[in-house]
Amino acid sequence: MPGSSAPRVNSLALLILPSALLFALFFFLPIGLMAVMSVLTGNPVVMPNVAFTTKHYARMGNDSYYLEVISTTLRIGLWTTLVALVIGYPLAHWMARIKSRTGHALLLMAVLAPMLTGIVVRTFAWMTLLSDKGVINQILISLGLIARPLQLMYNEAGIIIGLVHIYVPFMVLTLTGVIGRIDERLEQAAENLGASPWRAFLEVTLPLSLPGILAGSLLVFALAISAYVTPILLGGFQIMTLPILIYQQISANFNVGFAAALGMVLLVISLSLVIAYNHVLGLVSGQRELQ
Amino acid sequence: MTASSRRFTLSRRRLLTGAASLGAGVIAAPYVARAEEPVLNVTGWGGKWGEVMKAEIGPAFETEFKCKLKTDTALPFLPKLQASSRSAPIYDVLHTNSNEQWAAVEMGLVEPKVDPKLVPNMADLYPYAVSDKIVGVCIFTSAIGLGMRTDKGYANISSWKELWDAKYNGVRGGYVIPVNSLGQAFLMMCGTLYGKGQTDLDAAYAALEKLKPIKLVDFTGAMEKLFLSGEVGLGVIHDSGIYRYDGQNQPIDFVTPSEGVLSLEQVLSITPGSKVKELGNAYINYMLRPDVQKRLAETVWYSPANKRVKLDAKYDAKLLTTPEKVSKLIQVDWKWYNAQKDEIDSRVNRIFRA
Amino acid sequence: MSAAIEIAGVSKVYDGGVRAVDTVAMDIRPGEFFSLLGPSGCGKTTTLRMIAGFDTPSSGEIRLDGADITHVPAHKRDMAMVFQNYALFPHRTVAENVAFGLRMRKVDKATIAAKVKAALAMVELAGMEDRRPAQLSGGQQQRVALARAIVISPRVLLCDEPLGALDKKLRQQMQFELKQLQKNLGVTLVFVTHDQEEALAMSDRIAVMNAGRVEQVGTPVEIYDQPRTRFVADFIGDTNIFRGQCVTMDQGTGIAVGNSLALALPRPVAAAQGEVVSVALRPEKITIAAADQSETRSSGTSARGTVESTNFLGGAVLYRIVLDGGQRVLAQQPNSGAGPLHTPGQAVALGWRPADLVILED
Amino acid sequence: MTGLVSPQHTQLARPVELAAASALRSQATPRRWGRRLYLAANIAILTFLLAPIAIVIVFALNPTPFIQFPPVGVSLRWFEKFFASRDFMQALLFSLEVAAMTTVAATVLGASAALAIARGNLPGSRLIVATMLSPLMLPAILTGLALFQSYVLLDVGRPVWGLVAGHTLVTIPYVVRTTLAVLHNFDVRLEEAAQNLGASPARTFVEVTLPLVKPGVMAGGIFAFIVSFDQFPVSLFLVAPGSETLPITLFNYLKFDLDGTIGAASVVSILLAFLVVIALDRTVGLRSYVKL
């Protein structure tokens, strides 16, 4: 039976106010400031004479390089999301279904561990593994499997490996919650009706975990396209993504206006994704809220 | 806006009182500045430089000038200065590499020159430290040349052009030109080597194109690691990045190419809006004092700009401490470079795209 | 302690215009076991939730002992509810669950302890005080929910399909216990169920609901024997429903179903000649005899047919019979042991009393 | 597989974990191979997740001042250096302090907001949720610069609360997500049962809603703590000289000295964070609640 009828705003709604204040002061104001700076010739806070300009946006449109940067960023984001999903799902399934409390705790630790290593150090660890003289290449060479080091980093693949490693925990934890709520008996019922375990998974568990897949993918994608440290270190500065370009514009070209314009583009991409996600989720699950 | 933010501060503070039990009290002490003393805000490096500054040289300055020295070691410095008010800059003295000083002076963030009358030690400097290629004053310099592994049988390297030899494919090292002074200086050197001079960009681009494959880093520290681990066998680096491993039995050495070494200057300048300019000048003068120069130079292997500094023999042998050695330094025209920076960046970003 | 509830013209309209409850009116008497019976989606739970105060009627009034409580918040109504799936607080023990309502009423600790103990004893859960709901079986959880509700001595006890999750045997046992408990406490009890047997077995009176409306209110006997509408007749128990055109027969008014079946009506109807009328005839009101050749056509109180299937139920035998006119009829005979069972394929003659026919509103 | 329900099938129709036992039974069924594949895949994934951690530990224990493989020995010199360094210790404590304050702020604000969204019948709640998650979507480097720019505009300098506010902003989305997830699964009838038993809405909130939402809030709090503790790009512009967070200190250190000290710092951070997670697991039981 449905709960209440026509939604009436009640006193609990007031609880949004502290967050609204935080967002107004520490999100809308700063981001608004950035948005303003993206259409000005200089920093209005410190310079008296600034004028309106669209040159920062025009620069993106006029030079195909920036479009390529955007597409590289999105491509890396998509691959990262896809790989994180493929390797995150089995782990999430295991975590959701494991019976032993200790086993669950150990898995949780293992999943959380990459998040706790510290982004900078973790990325250096990956460099140790993936570089030409790295662990993997040294092992492969000493086993005689390869003669010359494999190119495992300084390319998009290296970035994707690093990003997947960082963001898999987010995928796993999102999925675990959703898979855990799927009644195991549904899988059993499917198997009982003659489906192989694989088939039961495809027909029952996978469709039911779609909201989790979407939520996890959105989160990982959003984090991946705004990542900075990993792409810069594992890409060996030879792959340019939007956040790297933004940082470069801020720290080395001192062109905050252009950096802000690039940031606005990234924000618009991300927000359209959230909205599209909400829409899709509403279609697949009949549920209207984000989970 | 201000009023509401202040209200927020109060409520936030009340909120945080609850969290204070989590050990806040233990480390609250360092925040309590001695209010009556003037505060000098400067920038500075981390690493060994930061250690010796924090441990000895900074405190000595504070005691001598009865002030509080606050050093920001969290890069990047210039965007922060850029964002802060011209009349109340977050730094009084800016310490960066030379190219950033030129960008800062273009934006009106620092004063173009330091007045030698207010900084008496400037009288004792080598000419390069106060040349027209320098904004403010240069306190130290390093030489940018080539670093090499000594255990790979690379014999008799004497020219920058050696770097283009195909046998270094896979072990060649360089810098991300848009973000690194060494990379930018090296680009200028490419123009000199293969074209009509520093400003021959087309020749430089062509040379860079031929330099691939090359491992790029954004900071000298990272290049040092590539050398130490053998990832890079021959690459661009400054002398201090090699010399600092002196005595540690590392198979690496610094090469001074016959075409000359590029100058990597450590530059100090004063911000126009600083309220403690007198103290700022005193700080610059202090940093140029022979004893301070000697201590820092022997810690981080930077060549002192003050010609009256006498280093211990081990350092004296390697660093640029005589007029003859200093004459090999090539200074880059950063003003010109910065004017072309956007164009250069967009070219080299494409060249080095994987 | 016990109270009367009046529901006066209550409607509940959801967003999008769905009328979940449509001008429902009924009076629930003090101390009565009153059931709301109907298929899922008929509005019975919504009605109960409006009585409890979880939903507010879109129109109409709900009165408790004459006082309008339509807009009184749930926590001030002094009613207790046993929820479907029990809604036990998972983070609290059995004793804490039961004590909850008493704590809300600021009862002193000693009294709470005594009352909780007594309530748990009443539902035979003594010794389970410190368990958590998750550690109990379904039946035990159900008892905790019941104890939690009755311990506060509510003026009205509301039950939303409280026995739905139990297996059949446990359910029957709980039906007896709940009924007994209600009589002992004398509490007014409003009981929502979709199980007609349960409603018939337990209730003093039943309101049968369909599509948001009340079809009929009455005692179990009234509801069963005198269903007012086609829906009630069909929903409660097995029944044969005949639809036919109104005709004049020898015995008075009757209906003609198809060409070869006619049924004499027990009383005249307002319907004009040729209009369609529905009647219900319970299977157990039909007598079956082996057919002889004496009567050849339907007389209004009898018919001929062939046994299609015979279901032996133990206490009774249920036959499905195809009448000569093609209509299928259920007929039930007590297992009196008087003779052999009629077997499929056998020709039989059916008979009934006109008074057993119930004329239905459509 | 055919559609036939063979005895094996019904026998094997059991949860995946229990199937380990049935896999031990002698018959080689496709199920057994599926189970092996499942375990092998998961072990490979765990290896992938943990390999860099192993490297960090090797790095922290290896005496040479740069990452070297294979390691040449075991030494605690980097741990000694880490614990002896006043800068690192100060940064570690400051990071813990900031993370603790961030966790409290993000938890209180995020959980309140989630409650308002799920229970307040706010109009446009989808938009509100999207807004509250959007700090995750923006490159944190830009968020950091934007905050710094606003603080300059408001002339407040670089106070600790400014840093905490920045961290709170980028950690609130996690709390909102976990709390909303719990609220969506929440059986509203439990609240109704409490009201029905005489609890006012406020009392119901304290007695029933809050305790049941707590695990979700706690899970969000853990993420807030971890993300704040490891926050780099937002802190970059907001830390003031003399009070720098550990990641900033590490990053600056790394630019000049890439030695085992940063490995040691990481190992200490991991252990600290594990302690927090274990403590929370013990107190609130994270099982099935740790989700985003």
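**A walk through a predicted four-chain neighbourhood**

Let us start in chain C, where four strands form an open sheet in the order 2-1-4-5, with antiparallel pairing. Strand 2 (19-28) and strand 5 (67-68) of chain C stand at the edges with a single partner strand each, so one side of each has no neighbour in the sheet. Before going further, please keep in mind that this is a predicted model, in which local features need pLDDT of at least 70 and side-chain atom pairs count only at pLDDT 80 or more, while totals for chains, interfaces and linings use all residues. Residues are numbered from 1 along each chain as its sequence is written, chains are lettered from A and ligands numbered from 1 in the order in which they are written, and side-chain values use heavy atoms, with hydrogens and water left out.

Two words need their rules here. Helices (H or I, at least four residues) and strands (E, at least two) are DSSP runs numbered from the N terminus, and two strands pair if DSSP finds at least two bridges between them. Strands of a sheet pair through backbone hydrogen bonds, either parallel or antiparallel. Within the open sheet, strand 1 (residues 5-13) of chain C pairs with strand 4 (residues 59-64) of chain C in the antiparallel sense, over five bridges. To find this pairing on screen, look for C:Glu6, which stands opposite C:Arg63 in strand 4 of chain C.

Now move along chain C to strand 7 (residues 156-160), where five of the five residues are buried; buried means under 20% relative accessible area, exposed over 50%, and partly exposed in between (1.4 Å probe, protein chains only). In a regular strand the side chains alternate between the two faces of the sheet. Here both faces are covered: C:Val156, C:Leu158 and C:Asp160 are buried on one side, and C:Leu157 and C:Cys159 are buried on the other.

Which strands does strand 7 of chain C pair with in the parallel sense? One is strand 6 (residues 79-82) of chain C, joined to strand 7 over four bridges, with C:Met79 opposite C:Val156. Another is strand 8 (residues 188-193) of chain C, which runs parallel to strand 7 and is joined to it by five bridges; there C:Asp160 stands opposite C:Val192. Strand 7, helix 5 (residues 168-185) and strand 8 of chain C make a right-handed β-α-β unit. Right-handed means that, with the strands pointing away from the viewer, the path from the first strand over the helix to the second runs clockwise.

Stepping back, chain C has eight helices and 20 strands. Its C-alpha atoms fill a box of roughly 80 × 45 × 35 Å along the principal axes, and 50% of its 362 residues count as buried.

Next come the interfaces of chain A. With chain D, the contact (heavy atoms within 4.5 Å) takes 103 residues from chain A and 104 residues from chain D. These two chains bury about 9,500 Å² between them, 76% of it on carbon and sulfur atoms; buried area is the accessible area (1.4 Å probe) that two parts lose on being put together, summed over both. A:Phe26, A:Trp94 and A:Leu116 supply 7% of the area that chain A buries against chain D, more than any other three residues. The count of salt bridges between chain A and chain D is one, where a salt bridge is a side-chain nitrogen of Lys or Arg within 4 Å of a carboxyl oxygen of Asp or Glu. The side chains of A:Arg122 and D:Asp230 meet in a salt bridge at 3.8 Å, N to O. Helix 1 (residues 16-37) of chain A gives the most to the side of chain A that touches chain D, with 14 residues.

With chain B, the contact takes 32 residues from chain A and 36 residues from chain B. The area buried between them is about 2,800 Å², of which carbon and sulfur atoms give 57%. A:Phe237, A:Gln238 and A:Phe254 supply 24% of the area that chain A buries against chain B, more than any other three residues. Three salt bridges are counted between chain A and chain B, and B:Lys215 and A:Asp132 meet in a salt bridge through their side chains (2.7 Å, N to O).

A good place to finish is B:Glu231, in the loop between helix 8 (220-229) and strand 7 (234-238) of chain B. Is B:Glu231 buried or exposed? B:Glu231 counts as buried because its relative accessibility is 3%. The side chain of B:Glu231 reaches the backbone nitrogen of A:Asp132 at 3.1 Å. The side chains of B:Glu231 and A:Tyr154 are joined by a polar contact of 3.4 Å; a polar contact is a pair of N or O atoms within 3.5 Å, and within protein one must be able to donate a hydrogen and the other to accept it, while residues adjacent in sequence count only if both atoms are side-chain atoms.
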